[in-house]
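Got the viewer open? Let's take a walk through this model, one selection at a time.

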Amino acid sequence: MEIIVGGIVEKNGKVLLVKEAKKACYGKWNLPAGHLEPNETLKDGALREIKEETGYNVELTGILNVANKKIENDLLLVVIFSTNIIGGNIKINEKEILSVKWFDIDDVINNMDDELRDIKFIKEPLINYKEHTVGPIDLINEI
């Protein structure tokens, strides 16, 4: 199973997207997210990925989307959180991210399909965020 964790980083009514540098999705915009590492919790992984890809320290405030997709003989699980910025400044790892940019949420939802890495996995949490459809963060528990 492959697990992806990340979040929506919002400031002044705009959301922060990252432009991918990986060959498979080069130049496509994505939410700050990435692979969960071994022995890492969902929350810790999301905090790390957001920091690595944007430079921002955030707190996780809710769950925007849990999605899964069967890929060949494997399963992809994606968990996207809502966040609040608590510190940091934009800083990127140029090996993984070409750039970051603030976008109007409606522009991303309505006008950027050709520019997004994965339309469904990006737009669904953005729509949930916009419509305030957010699950409580305490639904994610360590057991």
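Start with the strands of this predicted model. Five of them form an open sheet in the order S5-S1-S7-S6-S9, and the pairing is mixed. Now colour the two edges: strand S5 (33–35) and strand S9 (135–136), each of which pairs on one side only.

Next, select residues 56–71, strand S6, together with residues 74–88, strand S7. These two run antiparallel, and 14 bridges join them. Want one pair to zoom in on? Pick alanine 67, whose bridge partner in S7 is valine 78.

Then bring in the helices that sit on the sheet. Select residues 42–54 for helix H1, which packs there and touches strand S1 (2–8), S5, S6 and S7. Its direction makes about 105° with that of S6. After that, select residues 119–130 for helix H3, another helix packed on the sheet, with S1, S6 and S7 as the strands it touches. For H3, the angle with the direction of S6 is about 130°.

Last stop: the largest pocket, with a volume of about 430 Å³. Which residues lie nearest its centre? Select Ile4, Asn30, Leu76, Val78 and Arg117 to see them, out of 22 residues that line the pocket. You've already visited the elements S1, S5, H1, S6, S7 and H3, and each supplies at least two residues of this lining. Colour the lining by residue type and you get 9 nonpolar, 3 polar and 10 charged residues.

How values were computed: Residues numbered from 1 in each chain as written. Predicted model: local features only at pLDDT ≥ 70, side-chain atom pairs only at ≥ 80, totals over all residues. Heavy atoms only, no water. Pairing = 2+ DSSP bridges. Helix = DSSP H or I, 4+ residues; strand = E, 2+ residues; numbered from the N terminus. Contact = heavy atoms within 4.5 Å. Axes fitted to C-alpha atoms, helices over the stretch in contact; angles between N-to-C directions. 1 Å grid on protein atoms, 1.4 Å probe; cavity = no way out; pocket = protein on both sides within 12 Å on 5 of 7 lines; lining within 4 Å. Points joined across faces, edges and corners; volume = space filled by probe spheres on them. Nonpolar A, V, L, I, M, F, W, Y, C, P; charged D, E, K, R; others polar.
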